Amino acid sequence: MEEKGRISIPNIAVLVFLSIIGDCVLVYPSLITAISKQDAWISSFLSIPAGLAVLLLLLRVHQLYPELTFIQLCQRILGPWLGALISIWYLFHLMMNSAIYLREVGDFMNSQTYVMTPLPVINLLLILVLMWGMYMGLEPIARTAQILFPLCLAFALFLILCLLPQCESQQLKPIMEQGIPKIMEGSLFALSYPFGELAFLLMIFPYVSKKPGLKKSVLLAGLTASVLLSVLLLVSLMVLGPFVTEHSVYTSYTLSKKINIGNFLQRVESLMSTAWIITTFVKTILHFYAFTLGMTQLLRLDNVRTFLGPSFMILFGLIIVSAPNITYYLDTIVHAWIYWDLTDSVVLPLLLLVVYKFRSKGRHSLGPG
């Protein structure tokens, strides 16, 4: 598939921001607190430099051949056979991530909002919206995300500012009770979620129209989004305490129920759920777009629309079988999933860089990147 649309530097910055916030804005506090307890905020802030290093690594790999996607990079640098093998691994990860994100949204809506609606019906409606976005292409997706971005940012800031009067620093004590190993383990999770899930950017970067300013914009978006997540986690600990934060699956949704200004402004959780659905959907559609684009390039298809129908049917099945419920996903799958994320976002880009450097110094130079 040849993507004819091009996105701007502000577009890619917004996509990076929303992808980092993504599903994490709702489940991130409970994930990190389950490991580091009241020290989770330290783990979260410690993960930010490492997360920015992951973004720098992805940008460095992109600079090898700025016009090529990850699938094309693998075949160019690793050769057709090894490149195809790595590409299949990478694309399967994108597909599974898409299924998990949609399952998270479906489970949330089924348990909190549309409790009488069967889960498959909600999943089917989400897939239909996803199909429409995929049919329109990358440029409309990016423009839509840019329109919705101020809404999501305003909801997140509104939540934090309204909860500041209820923050109690005593909830953070005793500091470092869990010890450094637990804090570092929490940082590993905070690095994997969400920075480890940004490997799909290597399929998007080639379609940014103006390269100057790309690095600065991507890093700034990554820094801003990760600081926002860390502050949200800190507020959650100080308002709810580590026990409730850990055992509340949808922590931010629970936080939004605590807002009560003069018995006048309250029950704003619907605003929070709207923002979360938007950010998670943007993250999902970017992963699925990267998957379909990659499959089209790997199979050398001329038209992506011939592949959309089967891919949506596979996705619908994966949503059902990926996890029985959100609790099983958070308690069981997440602990193994972080290594899959880090493999695709750190190990594979490093492999491409090492092989490229090795071959560039040998007789079979790959030429300038």
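1. A good place to start is the salt bridge between the side chains of Lys-283 and Asp-23, with N and O 3.0 Å apart. This pair ties together distant parts of the chain: Lys-283 belongs to helix α12 (residues 269-298), while Asp-23 sits in the loop between α1 and α2 (24-36), 260 residues away. Please keep in mind that this is a predicted model.

2. Are these two partners buried or exposed? Lys-283 has 0% relative accessibility and therefore counts as buried. Asp-23, at 2%, counts as buried too. The pair also has company, since Glu-197 joins Asp-23 and Lys-283 in a network of salt bridges.

3. The count of salt bridges comes to 6. One of them joins Arg-103 and Asp-107, whose closest N and O atoms are 3.1 Å apart. Both residues lie in helix α5 (residues 80-113), with 4 residues, about one turn of the helix, between their positions. Arg-103 counts as buried because its relative accessibility is 6%, and Asp-107 is buried at 11%.

4. Helix α8 (residues 180-192) offers another pair, Glu-185 and Lys-182, 3 residues apart, or about one turn of the helix. Their salt bridge has its closest N and O atoms 3.5 Å apart. Glu-185 counts as partly exposed, at 32% relative accessibility, and Lys-182 is partly exposed at 36%.

5. Now for a residue without charge: which residues does Ile-12 touch, leaving aside those up to four places away in sequence? The contacts are Ile-7, Leu-201, Ile-204, Phe-205, Val-208, Leu-214 and Val-218. Ile-12 is part of helix α1 (residues 9-21), and its relative accessible area of 0% makes it buried. As for Pro-66, it lies 54 residues from Ile-12 in sequence, and their C-alpha atoms are 15 Å apart in space.

6. Turning to the whole chain, the model has 14 helices and 2 strands. A compact globule of 369 residues would have a radius of gyration near 21 Å, and the chain agrees, with 21 Å. Along its principal axes, the C-alpha trace spans about 70 × 45 × 35 Å.

7. Of the 369 residues, 57% count as buried. Long-range contacts are well represented: among contacts between residues at least 6 apart in sequence, 85% join residues at least 24 apart.

8. Finally, the surface and the charges. About 15,800 Å² of the chain is exposed, with carbon and sulfur atoms supplying 69% of that area. The 23 positive and 18 negative charges have mean positions 11 Å apart.

Note on methods. Residues numbered from 1 in each chain as written. Predicted model: local features only at pLDDT ≥ 70, side-chain atom pairs only at ≥ 80, totals over all residues. Heavy atoms only, no water. Rg over C-alpha atoms; globule rule 2.2 N^0.38 Å. Buried < 20%, exposed > 50% of the residue type's maximum accessible area, 1.4 Å probe, protein only. Contact = heavy atoms within 4.5 Å. Areas by Shrake-Rupley, 256 points an atom, 1.4 Å probe, with all protein chains shown as cover. Lys, Arg positive; Asp, Glu negative; His and termini not counted. Charge placed at Lys NZ, Arg CZ, Asp CG, Glu CD. Salt bridge = Lys/Arg side-chain N within 4 Å of Asp/Glu carboxyl O.
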